[in-house]
Amino acid sequence: MVREVDILKILNEVNDPEIPVLTVLDLGVIQQIYLQEQYWIIELTPTYSGCPAMQQIEVDILAKLTEKGITNAKVKHVLSPAWTTDWISEEGRQKLRLYGIAPPVNEPNKSVLFSDPPKVACPKCNSHDTKMVSLFGSTACKAHYQCNTCKEPFDYFKCLK
Amino acid sequence: MMEQSALFEYVLRMSDDSLILAQRLGEWCGHGPILEEDIALTNISLDLIGQAISLYDLAANLEGKGRNHDQLAYMRYELEYKNVLLVEQPNGDFAMTMLRQFFFDAFRLPLYEALMQSPVEQLAAIAAKSVKETRYHLKHSSEWVIRMGDGTDESHKRAQDAIDHLWRYTHELFYVDAIDHALLADGKIPNMETIQAKWMTTVTSILQEATLEIPKNNWKFEGGREGRHSEHMGYLLADLQYMQRAYPNMEW
């Protein structure tokens, strides 16, 4: 008899295709898991509306479940409640840092124009003397930063609330 | 009019606004004035495409004729697109693109904020998701409008030229007809006058800070919401729909 906890354990082996150190559970994109008319329904919520990784995540989830012998599963895309970076787990934040991406910090209100960019610590040398190069980075969820101490350029996972 | 079909039409109009503007922004890919801006414009485009997919999915459900988001996006004729004329206007220079974006973002943000309260659950969910992205977009376009307007003589002139050219298309953002009246009467959508007032407040304060002026000329263009488009739309769709027209039902 498959239980919810078994599904969770398998989902913990499914990684984000864009940031492969994070599992889908670390990322906080799994909303609910339940059994409905003989099917395990896995509710998946997107990080950003246009995030192209979502379709791949669905494919990867179903493939991993099938590999473990669970063939009666479906992925359901849900938008509400909307994902926020607060749902990235503590472990996920640590993994991001080790991978070279600065995890989200609390940011000032977005309606304030020309506000100072968020103070982000360098994931390489931990210096707080860093600068934002571009608010828009390599993917929708990231901004581009550079460390003034070790000079290393790095990605910052933008705060989304 | 059946409420379901009014809602379909309303959501389709929103979807088309997002898709057509996304297509225009995508044209900047590889042509941005600086690398960071190239990435910013295409990131914003991607957000709009994502929002369009959610909105088209909802429209397709409401329509109930078995069409999917791809068919709605790629397999309709020009007269069936209901986007406002503003979003289909050519990119022009960077000032023209940014002013077009600013006028649109300043409209979309209060619209999404209000739609979060809609009893149409799916629409409220899309609004709640998209509002966060739209805040970023408005911050970005507002800052550029101020930088350009309050910048050099050349950037100021280009920004003012863009406003003078685009102003005639902004009235249509607040277009309402029987579809809106029916949905408003049922409490499904917000009152457009409220949205317009908020838009005007944002536009007035940002343009003032940018030392730019609102044109006195009140000439208005409209027709997009009824499928009557400017001469630019056909060329845009020829690009947008090329793959589906050449290879129907193709997938990546």
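**Helix pairs in chain B and its contact with chain A**

In this predicted model, helix 1 and helix 2 of chain B run roughly antiparallel to each other, because their axes cross at roughly 160° and angles over 145° count as roughly antiparallel. Helix 1 of chain B covers residues 3–26 and helix 2 of chain B covers residues 35–63, and the two axes come within 8 Å. The crossing of this pair is left-handed. As for what sits where helix 1 of chain B meets helix 2 of chain B, the contact breaks down into 19 nonpolar residues, seven polar ones and just one charged residue.

Further along chain B comes another pair. Helix 5 of chain B (residues 94–115) packs with helix 6 of chain B (residues 121–149) at an angle of about 145°, and their axes are 7 Å apart. Here, too, the crossing is left-handed. Sorted by class, the contact of helix 5 of chain B with helix 6 of chain B holds 16 nonpolar, six polar and four charged residues.

Next, the meeting of the two chains. On the chain B side, 24 residues are in contact with 17 residues of chain A. Helix 2 and helix 6 of chain B each chip in with at least two residues of the side that touches chain A. Helix 6 of chain B gives the most to that side, with 14 residues. The mix on the side of chain B that touches chain A is nine nonpolar, seven polar and eight charged residues. Helix 6 of chain B thus turns up twice in this account: it packs with helix 5 of chain B, and it supplies residues to the side of chain B that touches chain A.

Conventions
Residues are numbered from 1 along each chain as its sequence is written. Chains are lettered from A and ligands numbered from 1 in the order in which they are written. This is a predicted model: local features need pLDDT of at least 70, side-chain atom pairs count only at pLDDT 80 or more; totals for chains, interfaces and linings use all residues. Axes are lines fitted to C-alpha atoms, for helices over the stretch in contact, and angles run from 0 to 180 degrees between N-to-C directions. Helices (H or I, at least four residues) and strands (E, at least two) are DSSP runs, numbered from the N terminus. Angles under 35 degrees count as roughly parallel, over 145 as roughly antiparallel, 65 to 115 as roughly perpendicular and the rest as oblique. A crossing is left-handed if the near helix is turned anticlockwise from the far one by less than a right angle, and right-handed if clockwise. Ala, Val, Leu, Ile, Met, Phe, Trp, Tyr, Cys and Pro count as nonpolar, Asp, Glu, Lys and Arg as charged, and the others, Gly among them, as polar. Two residues are in contact if their C-beta atoms, placed from the backbone, lie within 7 Å.
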